[in-house]
Amino acid sequence: MSSYAARRTALRQELQATNLDALLVTNLLNVRYLTGFTGSNAAVLVDAAGDDTTVFCTDGRYLTQSAKQVPDLERLIDRPCDTALARRAKGRLGFESHQVTVDGLDELTAAAGKAELVKSGGLVEKLRLVKDEVEIEALRMACAAADRALGALIGHGGLRAGRTEREVARELESRMLDHGAEGPSFSSIVAFGANSAVPHHSPTDATLHVGDLIKLDFGALVDGYHSDMTRTLVLGKPADWQRDLYDLVARSQAAGRNALTPGARVSDVDHASREVIEKAGHGNEFLHGLGHGVGLEIHEAPALSKAGAGTLSAGMAVTVEPGVYLSGRGGVRIEDTLVVRESGPELLTLTTKELVVV
């Protein structure tokens, strides 16, 4: 059984548990998760009875591509796909209510006829919380591409006085492509000096100077899966305050990583890391949650934060990224992508977390 067929089987168990006869999946990432299809227009009607009565739909542009990527399901070539599939539904039809617009619901209702539409948002996302080994390998490859890109950037003098944040961001993203990425996971954050105190700073023409902190937050995209990492470095000899701040964040990050155990409440993981910074008197300068899930989206469940709900399970892929930001001076963030395992978290971003001096 392919990984996609296994995921559809797992989804059917959810359909049966909620007394649904079928689920109309219209979110393209969810369609990809269930079928492997990577085009820009598709939907799938997952029948609770099995794959024999499950139908994949796309339009004529993807006739050849869908035949290769979705060989194991009946294919319907039509558009719009959602209403075309709704017309084939019977009984209780779940739909992704978190994706469908008000006008879209009217159209589905008309197309479904006697089928009963049932709000069923989040069923596929619930499955996506725990990654299978195929997904974890894609995440591992994405993290490796980012690791190698950073190593090449540093090793070839990419971080030197006079370079701008924009130049470094462009080179970092180019090097990720060189090392197997389809593209960056998101617009890379490159922040020099006082700009490093802005958590989501956008690169500018600010130039790098000796003594500056350098914050790099970036990731690579491989097979549709995202990596995410942050490293903070310094150009030249670090000042005492920079080293002290870095050591504090490193201790906090280690505490958060160590708290990643199956069954742990996500809010407790956040607390384990945040407590280290709060005890040092910098709690008000840790300005965001500890981390987030990562996979087909760069930000997905679970949320590791004070207000986060739920517990961790083995196979979840998450980031741990505490930071302390001293306005007008500089900030430090250290971030890894990890997989929750019974034997302890598996670290996927392998670049050193020692303070790198360039």
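UniProt positions are given in the numbering used here, and its annotations may be inferred rather than shown by experiment. Keep that in mind as you select. The model on your screen is predicted.

**Stop 1: two spans from the record**

Select residues 7–130. UniProt lists this span as "domain: Creatinase N-terminal", in an unreviewed entry. The span is 40% helix and 20% strand. Its end C-alpha atoms are 11 Å apart.

Now select residues 137–342. UniProt places "domain: Peptidase M24" here, again from an unreviewed entry. This span is 32% helix and 23% strand. Its end C-alpha atoms lie 18 Å apart.

**Stop 2: a salt bridge from helix H1**

Side chains of opposite charge can pair when their charged atoms come close. How many salt bridges does the structure hold? The count is 28.

Start with Arg8 and Asp72. They form a salt bridge, with the closest N and O atoms 2.8 Å apart. The pair links distant parts of the chain, 64 residues apart. Arg8 sits in helix H1, while Asp72 is in the loop between helix H3 (63–69) and E4.

Is Arg8 buried or exposed? Arg8 is buried, because its relative accessible area is 0% and buried means under 20%. Asp72 is partly exposed, at 36% relative accessibility.

**Stop 3: around strand E4 and helix H4**

Select Arg79 and Pro80. A cis peptide bond joins them. Its omega is about -5°. Pro80 lies in the loop between strand E4 (74–77) and helix H4 (81–86).

Add Asp78 and Arg87. These two form a salt bridge, with the closest N and O atoms 3.9 Å apart. Asp78 counts as partly exposed, at 29% relative accessibility.

**Stop 4: strand E14**

Move to strand E14, residues 300–304. Select Glu300 together with Arg128. Their side chains meet in a salt bridge, 3.1 Å from N to O. Which elements does the pair link? Glu300 is in strand E14, and Arg128 is in helix H6 (residues 123–128). They are 172 residues apart along the chain.

Glu300 counts as buried, at 12% relative accessibility. Arg128 is buried too, with a relative accessible area of 4%. Next, select Glu133, Glu137, Arg140, Arg341 and Glu346. Salt bridges that share partners join these residues into one network.

Stay with E14 for one more selection. Pick Ala301 and Pro302. The peptide bond between them is cis, with omega near 5°. Pro302 lies in strand E14.

**Stop 5: positive phi angles**

Select Asn19. Its phi is near 60°, a positive value in a residue other than glycine. Where is Asn19? It is in the loop between helix H1 (3–17) and strand E1 (22–25). Asn19 is exposed, because its relative accessible area is 53% and exposed means over 50%.

Jump to Asp223. Its phi is also positive, at about 55°, although Asp223 is not a glycine. Asp223 is found in the loop between strand E10 (220–222) and strand E11 (225–226). Its relative accessible area is 43%, so Asp223 is partly exposed.

**Stop 6: a negative patch**

Turn to the surface. Select Asp240, Asp244, Asp247 and Glu354. Together they form a negative surface patch. Zoom in on Asp247. It is found in helix H9 (residues 240–258). Asp247 counts as partly exposed, at 34% relative accessibility.

**Stop 7: a buried phenylalanine**

Finish at Phe286. Which elements flank its loop? Phe286 lies between helix H10 (266–279) and strand E13 (291–293). Phe286 counts as buried, because its relative accessibility is 5%. Now add Val332 to the selection. Phe286 and Val332 are 46 residues apart along the chain. Their C-alpha atoms are separated by 10.0 Å.

Conventions
Residues numbered from 1 in each chain as written. Predicted model: local features only at pLDDT ≥ 70, side-chain atom pairs only at ≥ 80, totals over all residues. Heavy atoms only, no water. Patch = residues over 30% accessible without salt bridge, like charges linked within 9 Å, V, L, I, M, F, W, Y side chains within 5 Å. Areas by Shrake-Rupley, 256 points an atom, 1.4 Å probe, with all protein chains shown as cover. Salt bridge = Lys/Arg side-chain N within 4 Å of Asp/Glu carboxyl O. Lys, Arg positive; Asp, Glu negative; His and termini not counted. Charge placed at Lys NZ, Arg CZ, Asp CG, Glu CD. Helix = DSSP H or I, 4+ residues; strand = E, 2+ residues; numbered from the N terminus. Buried < 20%, exposed > 50% of the residue type's maximum accessible area, 1.4 Å probe, protein only.
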